[in-house]
Amino acid sequence: MSEYSQFTANLLEWFTIHSRDLPWRRTYDPYHVWVSEIMLQQTRMDRVVAYFSRWIVRFPTINILADAAEDEVLRLWEGLGYYSRARNLHKTARILCENGCHLPEDYENLLALPGIGPYTAGAIMSIAYNRCYPAVDANVERVFSRYFDLASPVKEKKNKSFILAKLKKMQPDDQCRFFNQALMELGALICLPATPVCHKCPVAAFCLSRQRGTTPNRPLLQPKKKTIRIDMATGIVFRKGKILIQKRLSDDVWANLWEFPGGRIKQGETPEQAVIREFFEETNLHINVTKKITTVQHSYMHYRVTLHGFFCEISDGKNKKPALHAAQENRWVAIDELKKFAFPAGHRKLIDYLLEDIQVDRLKAEG
Ligand code: SF4
């Protein structure tokens, strides 16, 4: 048996015994595989399982997803971040339902759909349809960079081509569904980023970085993007017991999500000054800050956001209609209704804090 055949045989045997019981692995329904692969981009497996299960209960088929309102789709996605993934799932479901509501069974047609790139198309082709296409995620890159002891950054073009060529030789014609998943699973469970469990690895016998003692330095990665800190301030204003929220523009970051008016703090401004200015710029309403609620932090991509939340009151024109300078729609909603709308993570943290804050009842009564 050649080294590559041995690699494949050992890997498949290990996967048969150790693969995790994941909901989309029970039927390999193409819709389930597609949704799981989109959710797994940038998100940990344990979180995805919970979100996936809720999603499939609410949107069990492509046509039910296509018929849903975007607000509901985003609300169900809330907390997973990278909302363009949810918008693209929804948009693609609508495109598919123009012609039978079926996910294509060929690579090129999958690639033509919104939100489906080479990795996702390869994952759907192999996992859902058991066809031999590559699906190289960060787990596979890590395993291969160690197994073949790649001494240059794994994302370099030559290394990507090298990995694809090796995969071609290793993929077993009739078991690509399991082979691709097994490689990813090996990276997720054994060939871990910081502490690979080499003594439990089914392919350890041929692993070059293990033989050469270079494993801790593999994979070589490109330098990380610098963290950018952003300070923001937002205001919660009550009118007759209801809070003003607005829906963000569709071509902006956090597109189509809801928020409390506010924005970035400029250099030299206090958070209180910023919320007063931003509120006016976005709504034409003059406000006063009455009380600090709290400060929350959250991260997305390489941004670290600090969000200062304030209770505010309208200082003039109490019944004036808020303008829409930075939003497509606004509403006055009861605090209990906030759970029906999808908010960015920072605003949701603020809402969770508010709902626990006993002062809300007092303010509602005063509003
Ligand atoms: S032997 Fe260790 S480093 Fe090599 S592939 Fe297995 S877990 Fe990764």
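Biologist: Let's start with the hairpin: how many residues lie between E1 and E2?

Modeller: Happy to, and bear in mind that this is a predicted model. E1 covers residues 228-239, and E2 covers residues 242-248. These strands pair in the antiparallel sense over two bridges, with phenylalanine 238 standing opposite isoleucine 243 in E2. The turn that completes the hairpin holds lysine 240, and the number of residues between the strands is two.

Biologist: Is lysine 240 in that turn buried or exposed?

Modeller: Lysine 240 sits in the loop between E1 and E2, and its phi is positive, about 50 degrees, although it is not a glycine. Counting around it gives 10 other C-beta atoms within 10 Å. A residue with 12 or fewer is classed as exposed, so lysine 240 is exposed.

Biologist: And tryptophan 254, which also has a positive phi: buried or exposed?

Modeller: Tryptophan 254 has a phi of about 55 degrees, again without being a glycine. Its place is the loop between E2 and strand E3 (258-259). The count here is 20 other C-beta atoms within 10 Å. Since 20 or more is the mark of a buried residue, tryptophan 254 is buried.

Biologist: Back to E1, then. Which strand runs parallel to E1?

Modeller: Start by setting aside E2 and strand E4 (residues 262-264), as E1 pairs with each of them in the antiparallel sense. With E4 there are three bridges, one of which links methionine 232 to arginine 264. For the parallel partner, look at aspartate 231, whose bridge partner is threonine 306. That threonine belongs to the strand joined to E1 by 10 bridges, covering residues 303-314: E6.

Biologist: Threonine 234 caught my eye as well. Is threonine 234 buried or exposed?

Modeller: Threonine 234 is part of strand E1. Not counting residues up to four places away in sequence, it touches Phe260, Pro261, Gly262, Val275, Leu307, Gly309 and His347. There are 24 other C-beta atoms within 10 Å of it, so threonine 234 is buried.

Biologist: How far apart in space are threonine 234 and leucine 208?

Modeller: Along the sequence, 26 residues separate the two. Leucine 208 falls in helix H12 (208-212), while threonine 234 is in E1. From C-alpha to C-alpha, the distance is 54 Å.

Biologist: On the way from H12 to E1, which residue joins proline 219 through a cis peptide bond?

Modeller: Proline 219 is found in the loop between H12 and E1. Its cis bond has an omega of about 0 degrees, and the partner is arginine 218.

Biologist: Now the ligand. Which helix gives the most to the shell around it?

Modeller: The shell has 14 residues, and Cys191, Cys198, Cys201, Ala204 and Cys207 come nearest to the ligand. By class, the shell contains 10 nonpolar, two polar and two charged residues. Helix H9 (138-147) and H12 each supply at least two residues. The top contributor, with three residues, is H9.

Biologist: Let's move to the core. Which helix supplies the largest share of the largest nonpolar core?

Modeller: That core has 82 residues, and those with the most contacts inside it are Val35, Ile124, Leu183 and Cys312. The largest share is seven residues, and they come from a helix covering residues 176-189: H11. Both domains take part too, as the core draws at least three residues from each of domain 1 and domain 2. As for valine 35, its contacts beyond four places in sequence are Phe52, Trp55 and Leu89; the helix you asked for is H11.

Biologist: Finally, how far apart are the C-alpha centres of domain 1 and domain 2?

Modeller: The chain is divided into domain 1 (3-136 + 152-189) and domain 2 (228-366). Nine residues of domain 1 are in contact with 11 residues of domain 2, and the domain 1 side of this meeting has three nonpolar, two polar and four charged residues. For scale, the C-alpha atoms of the protein chain fill a box of roughly 80 × 50 × 35 Å along the principal axes. The distance between the two centres is 36 Å.

Conventions:
Residues are numbered from 1 along each chain as its sequence is written. This is a predicted model: local features need pLDDT of at least 70, side-chain atom pairs count only at pLDDT 80 or more; totals for chains, interfaces and linings use all residues. Two strands pair if DSSP finds at least two bridges between them. Helices (H or I, at least four residues) and strands (E, at least two) are DSSP runs, numbered from the N terminus. A nonpolar core is a set of buried Ala, Val, Leu, Ile, Met, Phe, Trp, Tyr and Cys residues joined through C-beta atoms within 7 Å. Domain bounds come from an automatic or database domain assignment. Two residues are in contact if their C-beta atoms, placed from the backbone, lie within 7 Å. A residue is near a molecule or strand if its C-beta atom, placed from the backbone, lies within 6 Å of it. Ala, Val, Leu, Ile, Met, Phe, Trp, Tyr, Cys and Pro count as nonpolar, Asp, Glu, Lys and Arg as charged, and the others, Gly among them, as polar.
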